[in-house]
Amino acid sequence: MTRAELFSQIQRKSSYLCVGLDPDLEKIPAHLLSEPDPIFSFCQAIIEETADFAVAYKPNIAFFEALGARGWETLAKVAEIMPKDVFTIADAKRGDIGNTSKLYAKAFFEAMNFDSVTVAPYMGKDSVTPFLEFENKWVILLALTSNVGSLDFQLIEDKTGKPLYQSVLEKSQEWGSPENLMYVVGATRGELIGEVRKVAPEHFFLVPGVGAQGGSLTDVARFGMNSTCGLLVNSSRGIIYASGEKDFAKAARKEAEKLQVEMKGLLEKYL
């Protein structure tokens, strides 16, 4: 999916919602455990009920990998049923030497046909650029994350006072463009989203942390929205685990719709 196509979907649905798929066998509704593939059944129901409001889906690869070979088969099936008009994100957080990164890219871009993959920048250019060589595919680079441990490294300042995350933003823009490079920017760092936007004015941001982690959708829009929206706001637990009963998919739909309604208002305000 191109940047223009993604923005078109945002405009059509009046939404920049990304639904995170974090399917945990210990958390999904108990009645699904009798299904031949409980994780697939869970994800399928969530996708079917939220597709009207979501412009992107983000399977967290760890929840599938944890199940071994069966989990990879399930992930492939989930990838196949994604609506064709949504942006798909393999949340794999890969980052390795060049020849290994190229194989990771082939796995997610060719074998499973995801539009994008999350990548860690710590090993530098040659670990990232192999992902950028695939036409109409995207790297979503970890820049300023929402976890507590992000403070360990991302805000460390160099001798000029520049935090590490800003160096990552500046250097990585030499490797990719707003047409194939996004950044992960956590919603729990509200005012810092504005600082990231100053350094990367045209790039899309994938923003986790809204909902269960306490991030403010209003702050994300105020500090992060640009002329083409420039945001994909992810909600995982707040949507997919809205109910642990047989009505889980309908409950997920209600939560997705709530976010979409709020997003529509923010799009009208800022665009």
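Me: Is the crossing of H2 and H4 right-handed or left-handed?

Reply: In this predicted model, H2 and H4 cross in a right-handed way. In the convention used here, that word applies when the near helix is turned clockwise from the far one by less than a right angle.

Me: Why are H2 and H4 called roughly parallel to each other?

Reply: The axes of helix H2, residues 38-50, and helix H4, residues 69-81, cross at roughly 20° and come within 10 Å. Angles under 35 degrees count as roughly parallel, and therefore H2 and H4 are described as roughly parallel to each other.

Me: Which residues in H2 and H4 meet?

Reply: On the H2 side they are Ile39, Phe40, Cys43, Gln44 and Ile47, and these meet Thr74, Lys77, Val78 and Ile81 in H4.

Me: What makes Glu48 count as exposed?

Reply: Glu48 has its place in helix H2, and its relative accessible area is 56%. Exposed means over 50%, so with 56% Glu48 is called exposed. As for its position in space, the C-alpha atoms of Glu48 and Gly124 are separated by 38 Å, while along the chain these two are 76 residues apart.

Me: Why are H5 and H6 also called roughly parallel to each other?

Reply: Helix H5, residues 98-111, packs against helix H6, residues 125-132, at an angle of about 30°, and their axes are 8 Å apart. Set against the limit of 35 degrees, under which angles count as roughly parallel, this angle leads to the conclusion that H5 and H6 are roughly parallel to each other. The residues that make the contact are Gly98, Ser101, Lys102, Tyr104, Ala105 and Phe109 of H5, together with Asp126, Ser127, Pro130 and Phe131 of H6. The crossing in which H5 passes H6 is right-handed.

Me: How do you know that Ser127 is buried?

Reply: Ser127, which is found in helix H6, has a relative accessible area of 1%. Buried means under 20%, so a residue with 1% is buried, and this is the case for Ser127. Leaving aside its neighbours within four places in sequence, Ser127 is in contact with Asp96, Ser101, Val119 and Ala120.

Me: Why is Lys93 called partly exposed?

Reply: The relative accessible area of Lys93 is 44%. Buried would need a value under 20% and exposed a value over 50%, so a residue in between is called partly exposed, and with 44% this is the word for Lys93. Lys93 belongs to strand S3, which covers residues 87-94.

Me: What is Lys93 in contact with, leaving aside its neighbours within four places in sequence?

Reply: Under that condition, Lys93 is in contact with Thr118, Val119, Ala120 and Leu142. In addition, the side chains of Lys93 and Asp91 are joined by a polar contact of 2.7 Å. The UniProt annotation "active site", which comes from an unreviewed entry, covers Lys93.

Me: What makes helix H8 mostly covered?

Reply: Seven of the ten residues of helix H8, residues 190-199, are buried, and buried here means under 20% relative accessible area. The buried residues are Gly190, Leu192, Ile193, Gly194, Val196, Arg197 and Val199. Among the elements that cover them are strand S5, helix H7, strand S6, strand S7, helix H9 and strand S8.

Me: Why does Asn113 count as exposed, whereas Asn136 is called partly exposed?

Reply: Asn113, in the loop between H5 and strand S4, has 52% relative accessibility, and exposed means over 50%, so Asn113 counts as exposed. Asn136, in the loop between H6 and S5, has a relative accessible area of 43%, which is in between 20% and 50%, so Asn136 is partly exposed. Asn113 has a positive phi of about 60° although it is not a glycine, and Asn136, which is not a glycine, has a positive phi of about 60° too.

Me: How do you know that Leu266 is buried?

Reply: Leu266 is found in helix H11, residues 248-270, and its relative accessible area is 9%. Since buried means under 20%, Leu266 is buried with its 9%. Leaving aside its neighbours within four places in sequence, Leu266 is in contact with Tyr16, Leu217, Thr218, Ala221 and Met225. Leu266 and Ser14 are 252 residues apart in sequence, yet from C-alpha to C-alpha they are 9.4 Å apart in space.

Terms used:
Residues numbered from 1 in each chain as written. Predicted model: local features only at pLDDT ≥ 70, side-chain atom pairs only at ≥ 80, totals over all residues. Heavy atoms only, no water. UniProt positions renumbered as here; feature names shortened; annotations may be inferred. Helix = DSSP H or I, 4+ residues; strand = E, 2+ residues; numbered from the N terminus. Buried < 20%, exposed > 50% of the residue type's maximum accessible area, 1.4 Å probe, protein only. Contact = heavy atoms within 4.5 Å. Polar contact = N/O pair within 3.5 Å; in protein donor to acceptor, adjacent residues only side chain to side chain. Axes fitted to C-alpha atoms, helices over the stretch in contact; angles between N-to-C directions. Parallel < 35°, antiparallel > 145°, perpendicular 65-115°, else oblique.
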